[in-house]
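Work through the exercises below with the coordinates loaded. Try each task before reading its solution.

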Amino acid sequence: MIELKLIGASGRPLCRWCHKELGETSSEFCSEHCSESHRLATPAQRLRQHVFLRDRGVCHKCGMDCEELKQTILHIVSLYGSQYARSVLMTTGFKKLEATNLAQDPSQDFWIIEDRDGTPESAETTCRACASRRRKRRSNRSEPGEDGDLFDDHQGP
Ligand SMILES: [Zn+2]
Ligand SMILES: [Zn+2]
């Protein structure tokens, strides 16, 4: 169930796509553009849009602001090249493979969605550094943890 009823701070309904507060309108969207974007989006894209507007790319686990980092890395790449951007990413906590990938194409998103059942309530913004740590732990549990992270695993029943 992805369709939430969105209500703004002042009690007015929000546009279902961009979450802007709606004025006097019977429409669920603020504009033709939003209505069209929503109509064309897949359920996964709708969930992603919802989570992005809610969290603005801030990782639920480590608090990293992925959008800010992305802008920084785009800037670094344009000034110093992707080699340097990669080393910056690695000091930020990204594994070598992920850092290389992001430094080569910093226009991609630095975060993913992790959810338990596909609902917006269970969907969490997860930076790709945290995501790859979790993947690694899942695939290779016998290896001693190299980063001693503290967050819950949310492994569900
Ligand atoms: Zn809108
Ligand atoms: Zn994180």
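A residue is buried if 20 or more other C-beta atoms lie within 10 Å of its own, exposed if 12 or fewer, and partly exposed in between, with C-beta atoms placed from the backbone. The model is predicted: local features need pLDDT of at least 70, side-chain atom pairs count only at pLDDT 80 or more, and totals for chains, interfaces and linings use all residues. Residues are numbered from 1 along each chain as its sequence is written, while chains are lettered from A and ligands numbered from 1 in the order in which they are written.

**Exercise 1. Lay out the secondary structure of the chain.**

Solution. Helices (H or I, at least four residues) and strands (E, at least two) are DSSP runs, numbered from the N terminus. The chain has six helices and two strands. Their order is α-α-α-α-α-β-β-α. Of the 157 residues, 22% are buried.

**Exercise 2. Sort the residues of helix α5 into buried and exposed.**

Solution. Start with the buried set of α5 (residues 96-104): Glu-98, Ala-99, Leu-102 and Ala-103. Looking down the α5 axis, these fall within an arc of 125° (taken from the directions from the axis to the C-beta atoms), so they line one face of the helix. Next, the other side: Lys-96, Leu-97 and Gln-104 are exposed there. Last, the cover over the buried residues includes α3, α4 and α6 (128-139).

**Exercise 3. Describe how α3 and α4 pack.**

Solution. Axes are lines fitted to C-alpha atoms, for helices over the stretch in contact, and angles run from 0 to 180 degrees between N-to-C directions. For α3 (residues 66-80) and α4 (residues 82-92), the angle is about 150° and the axes are 7 Å apart. Now list the contacts (C-beta atoms, placed from the backbone, within 7 Å). From α3 come Leu-69, Ile-73, Ile-76, Val-77 and Tyr-80; from α4, Ser-82, Tyr-84, Ala-85, Val-88, Leu-89 and Thr-92.

**Exercise 4. Which face of strand β1 is buried?**

Solution. Side chains alternate along β1 (residues 111-114). Trp-111 and Ile-113 point to one face and are buried. Ile-112 and Glu-114 point to the other and are not. Then find the partner strand: β1 pairs with β2 (residues 124-127) in the antiparallel sense over four bridges; pairing requires at least two DSSP bridges. Trp-111 has Cys-127 as its bridge partner in β2.

**Exercise 5. Characterise the surroundings of Glu-114.**

Solution. Count first: 17 other C-beta atoms lie within 10 Å, so Glu-114 is partly exposed. Beyond its neighbours within four places in sequence, Glu-114 contacts Glu-124, Thr-126 and Ala-131.

Note on methods: Two residues are in contact if their C-beta atoms, placed from the backbone, lie within 7 Å.
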